[in-house]
Amino acid sequence: MYRAAIITASDKGAAGQREDLSGPAIRELLEATGEYTVTRSAVLPDERRELADTMALWCDQGVADVIFTTGGTGFSPRDWTPEATADVCQRMVPGIPEAIRAMSLQITPRAMLSRGTAGIRERTLIINLPGSPKAVRESLSFLLPALGHGLEILTGAGGECARS
């Protein structure tokens, strides 16, 4: 069982002016696999420093093996999630967002506009997902079947063979 945390980046959501639908969609999909338990979730404003500080804190406290973010990956002047993620990661994982975009391009040409990224801080993987519930579901349906292998290696849950 992997521990997951969810951050929704949304000014309106954080202010209580819009219901967060993407964060609950992530939770639903993760829990449906039977392989994840959600340990933390938050709806934060689109503030680079606050997003980065929360990611770093959760990683450093070891509260999650993977943090999924949703929102803040587009072209809006307030979209800072990829930069906040890069601020805290020690190693980037370009294959994950590349794969998400490649899969999403089969559905919509707008997928090329996603700036989402992924990286590792300590023993926690951080993955930026799009902001819409539909895109979250599409991305996770593609990503989750392969993700366990990477988390097994990252967390050391795979035993000696996985760590060598």
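A residue is called buried here when its relative accessible area is under 20%. The structure on display is a predicted model.

**Helix α4**

Select residues 81–88, which make up helix α4. Thr81, Pro82, Ala84, Thr85 and Val88 are buried there. Turn the view to look down the axis of α4: these buried residues fall within an arc of 160 degrees, so they line one face of the helix. Next, display the elements against which the buried residues of α4 pack, namely β1 (2–9), α3 (48–61), β3 (66–70), β5 (118–121) and β6 (124–129).

**Strand β5 and its partners**

Proceed to β5, one of the elements in contact with α4. Ala118 and Ile120 point one way from this strand, whereas Gly119 and Arg121 point the other way; all are buried. Add strand β4 (residues 91–92), which pairs with β5 in the antiparallel sense over two bridges. Across this pairing, methionine 92 stands opposite glycine 119.

Then show β6, which runs antiparallel to β5 and is joined to β5 by four bridges. Here alanine 118 stands opposite isoleucine 127. The strands β5 and β6 form a hairpin with two residues between them. Centre on glutamate 122 in that turn; its phi is positive, at about 55 degrees.

**Salt bridges**

The model contains ten salt bridges. Return to α4 and select aspartate 87 together with arginine 48, whose side chains meet in a salt bridge at 2.8 Å, N to O. This pair links distant parts of the chain, with aspartate 87 in helix α4 and arginine 48 in helix α3, 39 residues apart. Aspartate 87 is partly exposed, with a relative accessible area of 39%, and arginine 48 is likewise partly exposed, at 32%. A further selection, Asp11, Glu47 and Arg78, reveals one network joined by salt bridges that share partners.

Move now to helix α2 (residues 22–33), where arginine 27 and glutamate 31 lie four residues apart, a separation of about one helical turn. Their side chains meet in a salt bridge (3.4 Å, N to O). Arginine 27 is partly exposed, at 30% relative accessible area, and glutamate 31 is partly exposed at 41%.

Finally, select glutamate 28 and arginine 137, which form a salt bridge with the closest N and O atoms 3.4 Å apart. Glutamate 28 lies in helix α2 and arginine 137 in helix α6 (residues 133–155), so the pair ties together parts that are 109 residues apart in sequence. Glutamate 28 counts as partly exposed at 46% relative accessibility, as does arginine 137 at 35%.

Note on methods: Residues are numbered from 1 along each chain as its sequence is written. This is a predicted model: local features need pLDDT of at least 70, side-chain atom pairs count only at pLDDT 80 or more; totals for chains, interfaces and linings use all residues. Side-chain values use heavy atoms; hydrogens and water are left out. Buried means under 20% relative accessible area, exposed over 50%, partly exposed in between (1.4 Å probe, protein chains only). The arc is that of the directions from the helix axis to the C-beta atoms. Contact means heavy atoms within 4.5 Å. Two strands pair if DSSP finds at least two bridges between them. A salt bridge is a side-chain nitrogen of Lys or Arg within 4 Å of a carboxyl oxygen of Asp or Glu.
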